[in-house]
Structure formats: structure tokens, C-alpha cells
Amino acid sequence: MTRDDTPLLSVRHLSTEFLGLDGPAARALEDVSFDVFAGRTVGLVGESGCGKTTALLSILRLLPASGRITAGRVLFDGTDLLSLSEREMRRYRWKEMAIVFQGAMNALNPVMRVDEQIREGILLHRLLDVEAANRRVDELLELVGIPSARGNQYPHQFSGGMRQRAMIAMALACRPRVLFADEPTTALDVMIQAQVLELLKSIQTELGLAIVMVTHDLGVVAEVCDSVVVMYGGKVAESGTCDQVYNDPQHPYTQRLLQSFPDLQRRSQDLASIPGTPPRLSELPPGCRFEPRCHARIPLCRQVGPPLVALHTPAVARPDETPYLTGHYAACHLRLGEEVRL
Amino acid sequence: MKRNLVEFWRVFRGNGMGILGAILVASILVVAILGPAMTPYEPSQIVRDADGRALIFAPPSVHPPLGTDDASRDVFTQLVHGARISLAVGFLAGFIAMFIGSLFGILAGYFGGWVDTLLMRATDVLLVIPDLPLMLILVATLRQMDLHVSPLAVLTLVIGLLYWTSTARLIRSQVLTIKERQFVARARAIGAGHWHIIRKHILPQIMPLIVANTVLILSTAILVESGLAFLGLGDPTQPSWGTMLNFAFDRNAVSNGAWWFYLPPGLAIVWVTLGCVLLGNVLEEILNPRLAMHHLEGEQHMVARREESRAEGKGCADHDSG
């Protein structure tokens, strides 16, 4: 496993909006920054509609026609993906960055055999000839625990867990360096969920993959992720290593989120809930996006949105434009002080 | 693919209407192919009796099987030769229409935006102009222009270039639903270009629709060709069924009571159109994934059916006791 100290993928100030039919655009993503390192796993967590999937699609430039990236950079191994032409971008997809979509049933073409679909990417990028590609497909299927003989079946003949594993096999087909997993375990029961997570982990150790896992399951994050990015209303609320965020949450949202998660070690504790609902992305509050629901708000929160700042000096932020985001960050006025602004 | 065909045949065999349509179409195809071998005469050959006199409007009883026309030509020979012309024009025009319609439908549905607007407005314009007068004017004008192409080619092109509108709309709507499916997004994530996505993911899904629609368009094309030829826009040197009808009415076959001259081509047109419509409808029923979801929701279907039959049984019992 290579653990370089330069990030493989580094997302900076990424902003994306969706144009409504009429009325204001929905600012689905604003000023999102995080880093992904080879051989490590980043968890993107947050409520539904907070921009987790949009972040992945923006990085891969797969947004639907109504969405557009308004600002920011996505550096992959030194190249800004957002400045590439569509044709150049296509070379990065699947070969460098692959994605496991939410809901494997829908992401598999119902009228194509599974092995054919896994092979598709390999042949599309002309990585291997047909015969070698077939052998690779068999290997991949065995790797994810599907007998290679079942490759020539159609997706509807697979069980839910098998489909999810087939999707993972498909994502690994071109030996990508970054794997995006969009809620890879959401539709699965606990047993299969554990299997899939186990599989992702073992593949990561074997291939040195960087994984970005989108989920709203905090348990999954704690289990498999090295660092975590907590998102709220299209912005990063807090980010840091799992240890930092789970044991020392700094943003009020993260604090409440963790309190609303049952803990096996503490008995008969009342689970907290956060009152209110996430903001509509087309009618965002002028200040902090969490302000209307926040238990610790101050008057300033209503007027100005807090920036994401590094906590606990020594500063990890560097003077150049792309500081490494390896420390603990939070976007809250209450944490503003002598900390270094990004 | 082979298994699909076997599966298809299993379902198709059980459908009486489909089988009937297939037989009707196949029989006419056989006639069109074997036509000249089925009759000793040439279409323009004058039939004479034993004394060497030309047989004018001879009824089938005098000259079997279908008598002669006003110019003493064998009607049966004209009919089997006409099958070739009618089917050739109908099929060619049908395929042209199908090709343009599918292409426009796929492009408009897949790319959307200004491509969609442009193609669909063009379709709308063609849709609102009445077909028949437009075609009459086009064919008549083109034939007067001394283009040195056969009148049949003009007819084929005009029909083919005007009858793609409904197909384009149908295909477009289907492509619109398919392109939003997640496996298309996945194909984009793989790094596939538009051409690859259309060929590997969109086309296989709409192919059944195209096949079923082609058969239906064929029948329309044959019917339209007959109509235009009946109005005198066919090629008199290569008579189709429509041209035969045109001759029959021009030469007073009706007032002469020569039913054997005008009924056979009319019935032949009905025969092949009916065959195509039956076949097309059944193909659509079997191949259209929206009408036959069997492989996607097999279990639910079975459960629903069982409950249905139970409910029916209960209904019967209630009825009996009442």
C-alpha cells in the first residue's frame, strides 16, 4: 500500500448548481474541498440532498444537462480535470476513476449479459484484446466472489448482492486508481452489506486503491474510512480523520449527527434528533446554512456564512493555493479564532 | 441471441393472430418471388382463343383462372407480376421511412436541445400537411421534370420521404425514457462516447419497437402506393395492383360486369395489408418491453395471477350460492 503524502485527487472550492425550469438555480454544491490519497478511504456523509452524489458526478463531469460547475478545481495527479475537453475527459473515466452507482439493478443494462458489461470498459479503452479481456472478466468475477460461469447471465438472474458485487467487478475492470462508491451498501441487508464492505477493503489493500465512499451510514464510515467529510446543504461542515471527527466533533451539525446515532457502549440513552429540515437548495439562508436548525447559533450566523478553517494549530494549510487537507477542519463561527483560514 | 429467438418463437407460436398474419405475408412473398414461374403468359401478351380471336373481358369460366381484361391480357399473370411491383415499392418505401424515422427519433431523443427542436419541428410541419394532396403534387411535378428516373423510383422515394413522421415521434419518446436510465449514465462513466452509447445501449432497447413498427409502416406504404397508382401515378409499363385497379376503372370493367378484373387486385391489397397489421400488432405486443414485462417481474406476475384466479373462484362460488 502506498501512502504518499501528496493527494491523488484533490478537490478545491468546487461549486455546482442546477438550473431550475424557472426561478433561482439550486446551489447544490458550494466551496467543497477535500483530498483523496492512494490506498485510503474517504467517507462523504450527510443527509439526503446535501450534495454527496453531486460531488461525485461533478468530479467525473457526469452531471445531467441542467447541472453545471461554476467554480473550483479538481486535480487528479496534477491535472485539472475541469479544464480538459470532453474527449480528453473520457480517457480518465473508468481507466483512472471508476464509480459504483447507487442501486446496482438500475446501473446494469437489463438486456446485456453481465460479463459483456464488465468487458465493455476494457474494450472501450482498448486495454486488452477480446480474448484477454474475457480472461480478465473471469478473474474479476472470481475476485468479487461470483463463479465466472455465471458471467453469461443477465442482471435479472443475479441476486441483489451479486449485482452489487458485479458492479464492483465492473468498476475494477480497467484498474482505476480512484474508486467512487455511491452508497454501495444501502439497498443490501446487513450480512451482504458486511460482505461488500469486506470486499472493498480487501481489494483496496490488494490494489492500493483510493476509495471515496458516499453514505449516510455513520457506522459504515467508522468501519472502513480513514477520513471523513461531513456535508450539510451543499457545503463541507467538517472534515478530518475519523478519529478527530467522531471523538472530537467541532461543528454543531456533526455533534448532533453523532448524538443521533446509537452507541452500544452507553446504555438506555435517548437518541437526539435535529429539529427542522435541510434547507431548499434554491432558497438558501443568507448566513450559515445550518443556522435555522442550530442549537448554538449566534447573531453573526444569520448574516455571514462561516468559512472552512483548520483547527488545532500547527497549521496544515500552506500559503500556496492548494493546501493539503489532512488536518481537522470545520466551518463554524464558534470555532473561528486564531485558527488559520483556508 | 439464439436463445432469445427460441424464446420469441415459443411465445409467437401460441398467438393465432400473429401466425395468421405471418402466413398472409409469407404467401404473398412466395407469389411475388415465384410469380413469373406460376403462369405461362407474359403480362402484356394477348390471349387468343382456338380461332385466333383475342379474348376481350373473358370471364374466368372461359379463360381460367381469372379471365382476361379489355386488352385480352391474362388477369392472373398481371396479378402475380403486380405483386412484385407492389411489394417492391411498398417494402423499399417502408424501409426508407423506417430508417429516416428511426434516425431522426434517436438523434432528437438522445441529443435533445436544438437538435430535438429542429428535427421535431420538421416532423410537425410534415405531419400537418395532408399526405395525399402533397404526394399527388410531388409525384406529378417530379414526373414532369424529365429526371430520367423510373416513375416507380419517384413513387418509392416520395412515399419513403413522407411517411417517417409517426415513427420518428414514437422512437423519440422511447429514447427519451431510455437515456435517463442509470445504465446510460454508467456507460458515460465508463468513458463511452455518444456513438457507443447509442449503438450498444439505446439501439438494442428500441430495436423491438423498430421491428414492429417497420411491419406496420410496410402495410401503409403498400396501401399508399396502391392509392397513388389507382389515381394514375403508377408506371403503366410495370403495373402494380393499384395500376391494375386504375386500368379496370378507366376501361369500364365495372359497367361491363368484369368483376374478375377489379376484385382480385383489391383483395390482394387487403390480403397483404391485413397480414402486415396482424403481424405488426403481435410483434409489438411480444417485443415491446412495456407491454410484456415478464422477465422483470416474473414472481409478482405469478402471485398476482394466483390471487386473481382465487378471486375469480370466490366470485363463482358466491354466484352459485346466490
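## A tour from strand β8 of chain A

Begin by selecting β8 of chain A, whose two faces are both covered, with A:Ala210, A:Val212 and A:Val214 on one side and A:Ile211, A:Met213 and A:Thr215 on the other, all of them buried (20 or more other C-beta atoms lie within 10 Å of the residue's own, with C-beta atoms placed from the backbone; 12 or fewer would make a residue exposed, and anything in between partly exposed). Helices and strands are DSSP runs numbered from the N terminus, helices being H or I over at least four residues and strands E over at least two. The model is a predicted one, in which local features need pLDDT of at least 70 and side-chain atom pairs count only at pLDDT 80 or more, while totals for chains, interfaces and linings use all residues. Residues are numbered from 1 along each chain as its sequence is written, and chains are lettered from A and ligands numbered from 1 in the order in which they are written.

Next, add the neighbours of β8(A). Strand β7 (residues 178–182) of chain A runs parallel to β8(A) and is joined to it by 5 bridges (two strands pair if DSSP finds at least two bridges between them), and A:Val178 has A:Ala210 as its bridge partner in β8(A). To follow the chain between these two strands, trace it from β7(A) through α7(A) to β8(A), a β-α-β crossover that is right-handed, in the sense that, with the strands pointing away from the viewer, the path from the first strand over the helix to the second runs clockwise. Strand β3(A) is likewise joined to β8(A) by 5 bridges in parallel, and here A:Leu44 is partnered by A:Val214.

Now widen the selection to the whole sheet, which is open and mixed in its pairing, with 8 strands of chain A in the order β6-β7-β8-β3-β9-β10-β12-β11. Its edge strands are β6 and β11 (309–310) of chain A, each of which pairs on one side only. Although β6(A) lies at an edge, both of its faces are covered, with A:Met97 and A:Ile99 buried on one side and A:Ala98 and A:Val100 buried on the other. It is joined to β7(A) by 4 parallel bridges, and A:Val100 stands opposite A:Ala181. Further along, β3 (residues 41–45) and β9 (residues 227–232) of chain A pair in the parallel sense over 4 bridges, with A:Gly43 opposite A:Val228.

Two helices are worth showing against these strands. Helix α1(A) lies across β3, β6, β7, β8 and β9 of chain A and runs at about 145 degrees to β8(A), whereas α10 (residues 252–259) lies across β9 and β10 of chain A at about 105 degrees to β9(A). Axes are lines fitted to C-alpha atoms, for helices over the stretch in contact, and the angles run from 0 to 180 degrees between N-to-C directions; residues are in contact if their C-beta atoms, placed from the backbone, lie within 7 Å.

Then colour chain A by domain, with domain 1 covering 9–96 + 176–335 and domain 2 covering 97–175, bounds that come from an automatic or database domain assignment. The contact between them takes 24 residues from domain 1 and 19 residues from domain 2. On the domain 1 side, α1 (52–60), β7 and α7 (190–207) of chain A each supply at least two residues.

Finally, switch to chain B, which has 12 helices and 0 strands. Of its 322 residues, 38% count as buried.
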